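Please look through the sequence and the structure shown here before reading on. The paragraphs below are meant to be read with both in view.

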Amino acid sequence: MHRFESKHPMKKTCTSIVLGPYFCSAFVAMLIIACIIGGAAMALADPNIEHNSASSFDFAILPQVSQDDVKASLSKISGANACGECHASEFAAWKQSTHFATWSTMHRNAKAKEIAKKMGYTKGIKRNDLCLTCHYTSRWKDEAAKPFAGVSCESCHGPAQDWIDVHKDYGGKEFNIDNETAEHKTTRLEACDKAGMLRSAQVYRIAKNCYTCHTVPNESLVNVGGHPAGSAFELVAWSQGEVRHNYFYSPDQKNRQATADRRRLLFVVGHLTDLEFSLRALAKAEKKGKYLSAMMRRVNNVLKKLDKIQSAHSISQVATALTAVPRREAGDKPQHAGKLKISLSSLTSLIDVADAVSQATKAFANQHDGSDLAAIDSLLPIVADYRGVAQN
Ligand code: HEC
Ligand code: HEC
Ligand code: HEC
Ligand code: HEC
């Protein structure tokens, strides 16, 4: 039984929010692109199944994202205001987050100006396509990406134009969340997935989306620009603090943290996705430097954490993922035991390894709901570790 199946109609009060020049993100646009590229077969009947028709956008991982693709995606952005009309609580929670605040702070930030300068950019941060991909949500206007907010709804849930009407339509006027037919629900969710919506049930897609930004897979941005080489990101701690907005499916519309089962699921999927995206980021390294060292460290850190999960409770898909990674033997340098074994000249071979990890993660997400993973509870972050403060 999936926890997103519970039936609680959303608050009837739909406040209309008028927010000035708020549109949505360039980043999301690319989500769709990666989806197209990384698309796989899907099983649609079960909401627990990882649907892969659309997946996270790989702007920095794919060699080239064409202007046409970016345009197509960004043209489908509806803007956070369009969501806030019905999702007032989620909207209010988002307004308290760093993702929101960055809109009015980042372009004035001295460090940001310094990074941009080192990258040779002369225009402001909000007029720089590279910064736009991760720091803002943009809309396509006058043949360019125009940011309208920090990281907003559609940077995480996908450009909405093709699914906004579909996702809340229970089958006509006489139907609601309680009497929607099972058949209609299946068709509706299938249509949402096809249209590029990222939903709560799709834990792996959610995780990929976070890591696409939070690993910062761009060597020159780090080595030349001096940008941080990714975040110390862990999916439970980073999603259950200030980012949390679990109102809709909560019995009393309170923003509770995810259930224990879901947190376990997020924890394991998050670590596997961290491994995958850290490997992909490392595979892109071309020379020695800060980026290469940081990504190497990322991979080794997450390998250690996955080893710990395995010792607490052996999970076959985690074993499969770990087996795919070439690791050092103890040999004469015991401190290197278990670390990634790779030479600078063969880094690109890690793309295949990351693909294998991805398959294992998909399988894990499809086959688990967290209920059998109580043995890993001592490894999970506690509330005090959550990143930022969750709203009521
Ligand atoms: C006209 C009202 C309305 C608008 C506008 C609206 N939504 Fe929704 N949304 C709903 C309803 C109703 C549901 C519950 C659907 C269900 O029961 O599956 C929902 C559910 C969702 C969910 C949860 C889906 C899941 O299974 O986890 C997400 C995410 C979501 N909406 C995002 C958005 C975003 C982003 C926007 C703006 C682009 C938006 N919505 C605009 C009414 C709306
Ligand atoms: C691949 C995604 C990505 C791109 C592209 C990107 N950033 Fe970031 N940026 C991030 C993330 C994620 C963080 C948060 C890092 C953390 O957790 O510490 C961040 C943090 C920052 C910070 C805060 C650093 C600090 O030390 O506090 C600045 C400033 C910044 N970015 C500027 C820029 C500028 C300027 C550009 C464009 C030249 C840019 N970023 C492009 C993802 C990105
Ligand atoms: C479009 C790119 C993007 C996506 C997608 C994204 N983030 Fe972020 N996130 C950022 C950037 C950039 C910052 C840093 C902003 C700043 O410092 O002004 C950030 C900051 C944060 C912070 C605040 C960090 C702090 O220093 O306290 C949290 C928490 C966070 N993100 C969690 C998440 C989670 C969880 C997801 C996925 C569900 C996610 N993010 C998806 C770009 C993104
Ligand atoms: C940083 C990424 C991120 C941003 C920004 C974001 N969401 Fe979400 N959203 C998520 C994740 C992740 C979940 C699933 C949460 C979980 O399972 O703990 C979710 C769940 C939801 C849900 C269903 C859960 C519920 O109980 O409400 C709705 C509805 C929703 N989001 C709407 C929105 C709207 C509207 C906005 C903009 C105002 C928004 N989201 C902004 C990542 C994001």
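What follows leads from a bound ligand to a strand pair and then to a single loop residue.

The model is a predicted one, and a convenient place to begin is ligand 2, which has 23 residues around it. Among these, K111, A112, C131, C134 and S231 come nearest to the ligand. Three helices, α6 (110-118), α7 (129-135) and α11 (203-214), each supply at least two residues of the shell around ligand 2, and the largest share, 5 residues, comes from α7. In chemical character, the shell around ligand 2 divides into 13 nonpolar residues, 9 polar residues and 1 charged residue. Where does ligand 2 lie with respect to domain 1 and domain 2? Because domain 1 (16-199) and domain 2 (203-385) both give residues to its shell, ligand 2 lies between them.

The next stop is a pair of strands. Strand β1, made of residues 137-141, and strand β2, made of residues 144-149, pair in the antiparallel sense, and 5 bridges join them. Two positions help to set the register of this pairing: T137 has A149 as its bridge partner in β2, while W140 stands opposite A145 of that strand. The hairpin formed by β1 and β2 has 2 residues between the strands, and here D142 takes a positive phi near 50°. As for its surroundings, β1 is mostly covered, since 4 of its 5 residues are buried.

The last stop is S97, which lies in the loop between α4 (88-94) and α5 (98-105). Is S97 buried or exposed, given that 21 other C-beta atoms lie within 10 Å? A residue counts as buried if 20 or more other C-beta atoms lie within 10 Å of its own, and S97, with 21 such atoms, is therefore buried. Leaving aside residues up to four places away in sequence, S97 touches E242, V243 and G388. R244 can be added to this picture: S97 and R244 are 147 residues apart in sequence, and their C-alpha atoms are 9.2 Å apart in space.

Key. Residues are numbered from 1 along each chain as its sequence is written. Chains are lettered from A and ligands numbered from 1 in the order in which they are written. This is a predicted model: local features need pLDDT of at least 70, side-chain atom pairs count only at pLDDT 80 or more; totals for chains, interfaces and linings use all residues. Two strands pair if DSSP finds at least two bridges between them. A residue is near a molecule or strand if its C-beta atom, placed from the backbone, lies within 6 Å of it. Ala, Val, Leu, Ile, Met, Phe, Trp, Tyr, Cys and Pro count as nonpolar, Asp, Glu, Lys and Arg as charged, and the others, Gly among them, as polar. Domain bounds come from an automatic or database domain assignment. A residue is buried if 20 or more other C-beta atoms lie within 10 Å of its own, exposed if 12 or fewer, and partly exposed in between; C-beta atoms are placed from the backbone. Two residues are in contact if their C-beta atoms, placed from the backbone, lie within 7 Å.
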